[in-house]
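Open the model in your viewer and switch to a cartoon view. The stops below go from the whole chain to individual side chains.

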Amino acid sequence: MSDTIYALSSGNGPAGVAVIRVSGSGVQLIIDRFCRRELKPRQAELCTLFHPFNDQQIDQALVLSILRVRRVLPVKMWLSFIFMAGGP
């Protein structure tokens, strides 16, 4: 089992688009909670993001999930990218 991690992948400073990378064994659960639906693997989908505890709408984002298999250890792990536009 691997930890689930996330990081801002679009770099520091102002940007027009933020890219958040999420990887690890809990990716599907996280994406399901934020998008409120199951997404298809290897297909970018426009998704409304919701706060996981109070159901308040946060933003819209393009979400891409990929199931990858590590070659060193035979472990299947989800990797997701969340693309969000900046602004209020």
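Start with the whole chain, coloured from the N terminus to the C terminus: its elements run in the order β-β-α-β-β-β. That gives one helix and five strands. Keep in mind that this is a predicted model.

Stay at this level and turn on the surface. The protein exposes about 6400 Å², and 57% of that comes from carbon and sulfur atoms. Of the 88 residues, 26% are buried. Among contacts with a separation of 6 or more, 32% are between residues 24 or more positions apart.

**Helix 1**

Next select residues 27–35, which form helix 1. Which residues of helix 1 are buried? Show side chains for Val 27, Ile 31 and Cys 35, and you have them. Looking down the axis, these three cover an arc of only 45°, so they lie on the same side of helix 1. The general background is that an α-helix has 3.6 residues a turn, so residues three or four places apart point the same way.

**The disulfide**

Keep Cys 35 selected and add Cys 47. A disulfide joins the two, with an S to S distance of 2.2 Å. Cys 35 belongs to helix 1, while Cys 47 sits in strand 3 (residues 45–50), twelve residues apart, so the pair links distant parts of the chain. Is the disulfide left-handed or right-handed? The torsion about the S-S bond is about -140°, so it is left-handed. Both ends are buried: Cys 35 has a relative accessible area of 5%, and Cys 47 has 1%. A search of the whole structure finds one disulfide.

**The salt bridges**

Move on to Arg 36, just after helix 1, where phi is positive at about 65°. Show its side chain together with that of Asp 55: the two meet in a salt bridge, 2.3 Å from N to O. Arg 36 lies in the loop between helix 1 and strand 3, and Asp 55 in the loop between strand 3 and strand 4 (57–69), 19 residues apart. Arg 36 is partly exposed, with a relative accessible area of 38%.

Now select Arg 37 and Glu 45. Their side chains also meet in a salt bridge, at 2.8 Å from N to O. Are the two partners buried or partly exposed? Arg 37 counts as partly exposed at 32% relative accessibility, whereas Glu 45 is buried at 13%. The count of salt bridges comes to two, which completes the tour.

Terms used. Residues numbered from 1 in each chain as written. Predicted model: local features only at pLDDT ≥ 70, side-chain atom pairs only at ≥ 80, totals over all residues. Heavy atoms only, no water. Helix = DSSP H or I, 4+ residues; strand = E, 2+ residues; numbered from the N terminus. Buried < 20%, exposed > 50% of the residue type's maximum accessible area, 1.4 Å probe, protein only. Contact = heavy atoms within 4.5 Å. Areas by Shrake-Rupley, 256 points an atom, 1.4 Å probe, with all protein chains shown as cover. Disulfide = S-S within 2.5 Å. Arc of directions from axis to C-beta. Salt bridge = Lys/Arg side-chain N within 4 Å of Asp/Glu carboxyl O.
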